[in-house]
Amino acid sequence: MISPVFVILSCPFPRGLRLSFQIMKFVLTSLLLLAGIFGVAFVRAEDMPANALLVLAKHDNTLAIVDPSSLKVLSRIPVGNDPHEVIASADGKTAYVSNYGFGAYHTLAVVDLMAPRALPSIDLGALRGPHGLAFAGGKVWFTAEAAKAIGSYDPATKSVDWILGTGQNRTHMIYVSPDTKLIVTSNVNSGTVSIIEKTIGSQAGQTGHLEADWNETVVPVGKGVEGFDVSPDGKEIWAANAGDGTVSVIDVASKHVTQTLAADVSGANRLKFTLDGKLALISMLRGAYLTVIDVGTKKTIKQIAVGHGAAGIIMQPGGVRAFVACTPDNFVAVVDLHSLEVVGRIQAGQSPDGLAWVMRRADQSRIATTIPSSK
């Protein structure tokens, strides 16, 4: 097939235009050479899958968009320094990435998933060390670890519209209920979980409107608590304690630890329930296994060999598979949740970590893609 670029540049033009087209030819040739050097192939626009997996590569400072059916990377977008967590908007059009740096950075990277391309980042100012992310009620919710705070960013007004101090050290991960009335955070160095509930306060001045207030209950758990999840029925919070190797089971109604599981998960990084709530998966940054606990019996039923360590975990919509970021090994493991075996790997970049899903309608699915070549 004859290249369209070759046809265009081979056509005769008036003398006055030849120099311009010679320059254009040089630029295009340079771009093609760079593409060969960096192993990138430029292709025409293709349809985005209805569901797509987002993978952060920390050492590459990129966000990869992955087709979960073929396990192929569709696009890579730069997302700034030290990206750790990623979340997609409810309409599947935008992704938000926390630039962490243990408090060195104070931005959220923004990605247009329809193009795809990087958009201007969000400057959080004094809210340094953003890490955990959630999207609920049309807003981006984030932790600001160095500021001992959490906040929300409103894309409609392009502003941080709410901040709450936790008073805890290293407020790291965050969960926000769909109705935004319940927030849960893990506070790594304090060894606590914060349960924050929205209440209705007194009337505000002459407006007659009832203002929202928040009550925080700080629940002591174990050393180095980081990864946690809220059960699908909303009744329990399971928190993995990296320093103790235990899992704290918190009753949401009473806000007390009801049981501590000796799960042998020292160095635990993330804990996620399967969508049916029957299993809990725990990754360990320095462990060779993904630990699987039966939620009903609270017993470990399997340890799945995934590599030399793992971080982010996410369940595929439909509950068939789990995806696990194996950070030291530079791949994402695909785990079949029926056989509890690794059935595939995704080469999404150096030091994969944060994972998220994009859920989009068919009429939103056309994006331009930049696909890594097979070289």
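## Exercises on a predicted model

In this structure, M315 stands opposite A322 in β27. Before we start: the model is predicted, so local features need pLDDT of at least 70 and side-chain atom pairs count only at pLDDT 80 or more, while totals for chains, interfaces and linings use all residues. Residues are numbered from 1 along each chain as its sequence is written, and side-chain values use heavy atoms, with hydrogens and water left out.

**Exercise 1.** Work out which strands stand at the edges of the sheet that holds β26 and β27.

*Solution.* Start with the terms. Strands are DSSP runs of E with at least two residues, numbered from the N terminus, and two of them pair if DSSP finds at least two bridges between them. β26 and β27 (residues 321-326) clear that bar with three antiparallel bridges. Next, read the order: β26-β27-β28-β29, an open sheet of four strands with antiparallel pairing. The edges are then β26 (313-315) and β29 (341-346), each pairing on one side only.

**Exercise 2.** Do the same for the sheet that holds β8 and β9, and say why one side of each edge strand has no neighbour.

*Solution.* The order here is β6-β7-β8-β9, again open and antiparallel. β6 (83-88) and β9 (117-123) each have a single partner strand, so one side of each is left without a neighbour in the sheet. Now zoom in on one edge: β8 (residues 107-112) joins β9 through five antiparallel bridges, and T107 sits opposite D123 in β9.

**Exercise 3.** Describe β12: are its faces covered, and which strands pair with it?

*Solution.* First, burial (under 20% relative accessible area with a 1.4 Å probe, protein chains only; exposed is over 50%, partly exposed in between). Six of the six residues in β12 (149-154) are buried. Then sort them by face: A149, G151 and Y153 cover one side, and I150, S152 and D154 the other. In general, side chains in a regular strand alternate between the two faces of the sheet.

Now the partners. β11 (residues 139-144) runs antiparallel to β12 over five bridges, with T143 opposite I150. On to β13 (residues 159-165), which is antiparallel to β12 over six bridges; here S152 faces W162. Both connections are hairpins with four residues between the strands: K148 has a positive phi near 50 degrees in the β11-β12 hairpin, and K158 one of about 55 degrees in the β12-β13 turn.

**Exercise 4.** Characterise the ring pair of W162 and W214.

*Solution.* Rings of Phe, Tyr and Trp (its six-membered ring) pair if their centres lie within 6.5 Å; planes under 30 degrees apart are stacked, over 60 edge-to-face, and the rest tilted. That rule gives six aromatic pairs. W162 and W214 are 5.0 Å apart centre to centre with 50 degrees between the planes, hence tilted. Check where they sit: W162 is in β13 and W214 in β17 (residues 210-220), 52 residues apart. W162 counts as buried at 17% relative accessibility, and W214 is buried at 16%. Finally, ring pairs link W141, W162 and W214 into a cluster.

**Exercise 5.** Classify the ring pair of F323 and W357.

*Solution.* The centres are 5.7 Å apart and the planes make 75 degrees, which makes the pair edge-to-face. F323 lies in β27 and W357 in β30, 34 residues apart. F323 and W357 are both buried.
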